[in-house]
Amino acid sequence: MSDVIQLLPDAIANQIAAGEVVQRPASALKELLENAVDAGATQIQVIVKEAGKQLIQVIDNGKGMSPTDARMCFERHATSKIRTSQDLFAIRTFGFRGEALASIAAVAQVELKSRQSHSELGTLIQIEGSEVKRQEPTASPVGTSVAMKNLFYNVPARRNFLKSNPVEMRHIVEEFQRVALAHPEISFSLYQQDLETYALPAGKLSQRIVGLFGKSYQGQLVPCEENTPHVNIKGYIGKPEQSKKSRGEQFFFVNNRYIKSSYLHHAVSTAFEGLIPQDQHPFYVLFMEIDPAHIDINVHPTKTEIKFDDERTVYAVIRSAVKQALGAHHVTPALDFSI
Ligand code: ADP
Ligand code: MG
């Protein structure tokens, strides 16, 4: 009997893992944006070419990386965000798996520039198919720029699976909206080809909503808030007139992380019952704060699904918060919600 099992080389292991993390340009953007937020950036610029197939670049003014860390960050399971398994139950950063950059670097050509405020020079790294092609000191502003070029250049089958540019761009804009909503205190801009399509100054959530979805939301947002021992709810719902047939303007965040939940969507929908036509969906941007010990965000690598210990309570609180907000809105329809 001869032994046949071998450990896979890193480049292949990374490529396999990348299948989980990077399904399309938008999923890479999500990871890069979250890293920029985790780095404490107050300004984030996104540049997209060919719907992200040619280029996604995220430039932040966050804390930057040392030359060694700039190299380390492309290793799998390399993270500065958790150290022990205990930390897994108290995650406050977006990232923690240490998988994103390793995955991206396995399936794209990546150029990273980074400088910390106390260093005079930054560092430049070029990496391709998990292999470092170049690392050298470079002039760079404080912060980090990651450019992901030619996604799936080395995995033609997956490149062919990408959808048309308008479809991929829609996913990109959705990711951008989610992160921008969760962080009105950070200024964001988005360039498509060379055109600036979003310019969002730091401000209040209501201003961010108007900046993202248009002036028609001005004065049309009803604040929604409820505090209970289990969960705190905060955010805005759109007045019934803002409801639409198409979905896409419904946002839940748990501890500032965007999540999808048809169960909780139902809670909002039923609160709107009788106020909007059955085939329309209300606008909402609702933030839930829950003790991280009562949720499990480790369910899925892209982390848009989470498990609640007590989903029913959350459902009930959301429904009541929305009902109350609507009730208050009916009593005093002329309230100015100070946008
Ligand atoms: P994770 O975010 O799960 O830790 P990543 O692969 O996304 O894993 O990033 C690995 C590490 O690289 C991070 O833990 C962080 O220390 C560093 N890093 C990544 N992006 C940035 C950035 N924009 N600014 C500063 N440090 C970064
Ligand atoms: Mg990350």
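What share of the contacts in the protein with a separation of 6 or more comes from residues 24 or more positions apart? In this predicted model, such residues account for 68% of those contacts. Keep that number in mind as we walk through the fold.

Let's begin with the whole chain. The protein has nine helices and 15 strands. Its radius of gyration is 21 Å, close to the 20 Å that the globule rule gives for 339 residues, so the protein is as compact as a globular protein of that length. If you are setting up a box around the model, the C-alpha trace spans about 70 × 55 × 40 Å along its principal axes. Of the 339 residues, 40% are buried. The chain is divided into domain 1, residues 10-200, and domain 2, residues 214-331. Taken over C-alpha atoms, the centres of domain 1 and domain 2 are separated by 29 Å.

We can take the eight-stranded sheet next. Its strands run in the order β5-β4-β3-β6-β2-β1-β7-β8, forming an open sheet with mixed pairing. The edges are held by β5 (131-138) and β8 (195-200); each has a single partner strand, so one side of each is left without a neighbour in the sheet. On average, neighbouring strands of this sheet are turned by 10 degrees against each other, direction ignored. For a look at one pair within the sheet, turn to β1 (residues 43-49) and β2 (residues 55-60), which pair in the antiparallel sense over six bridges. There you will find K49 standing opposite L55 of β2.

Now for the helices that go with these strands. Helix α2, residues 25-38, lies across β1, β2 and β6 (143-149). Relative to β2, α2 runs at about 10 degrees. Helix α4 (residues 100-107) is a helix to colour by burial: eight of its eight residues are buried, so α4 is largely enclosed by the rest of the structure. The residues in question are A100, L101, A102, S103, I104, A105, A106 and V107. What do the buried residues of α4 pack against? Their partners are the helices α1 (10-21) and α2, together with the strands β3 (109-115), β4 (122-128) and β6.

Helix α1 shows up in that list, and its own buried residues pack against α2 and α4. Those buried residues are N14, Q15, A17, A18 and V21. The geometry of α1 can be checked by simple arithmetic: at 1.5 Å a residue, its 12 residues should span 16 Å, and the end C-alpha atoms are 16 Å apart, which agrees.

The five-stranded sheet comes next. It is also an open sheet with mixed pairing, and its order is β9-β10-β13-β11-β12. Here the edge strands are β9 (221-227) and β12, each of which pairs on one side only. Neighbouring strands are turned by 20 degrees against each other on average, direction ignored.

Strand β11 (residues 250-254) is a good place to zoom in. Four of its five residues are buried, leaving the strand mostly covered. With β13 (residues 284-289), β11 pairs in the parallel sense over five bridges. Along this pairing, F252 stands opposite L286, while F253 has F287 as its bridge partner in β13. With β12 (residues 257-259), β11 pairs in the antiparallel sense over three bridges, and V254 has R257 as its bridge partner there. The hairpin of β11 and β12 has two residues between the strands, and N255 takes a positive phi near 45 degrees in it.

Finally, look at what comes up against these strands. Helix α6 (residues 165-182) lies across β11, β12 and β13, running at about 55 degrees to β11. Just along the chain, G248 lies in the loop between β10 (232-238) and β11. Is G248 buried or partly exposed? With 13 other C-beta atoms within 10 Å, G248 is partly exposed. Its C-alpha atom is separated by 8.2 Å from that of E174, although G248 and E174 are 74 residues apart along the chain.

Key: Residues are numbered from 1 along each chain as its sequence is written. Chains are lettered from A and ligands numbered from 1 in the order in which they are written. This is a predicted model: local features need pLDDT of at least 70, side-chain atom pairs count only at pLDDT 80 or more; totals for chains, interfaces and linings use all residues. Two strands pair if DSSP finds at least two bridges between them. Axes are lines fitted to C-alpha atoms, for helices over the stretch in contact, and angles run from 0 to 180 degrees between N-to-C directions. Two residues are in contact if their C-beta atoms, placed from the backbone, lie within 7 Å. A residue is buried if 20 or more other C-beta atoms lie within 10 Å of its own, exposed if 12 or fewer, and partly exposed in between; C-beta atoms are placed from the backbone. Domain bounds come from an automatic or database domain assignment. The radius of gyration is taken over C-alpha atoms; the globule rule is 2.2 Å times the number of residues to the power 0.38. The expected span of a helix is 1.5 Å times one less than its number of residues.
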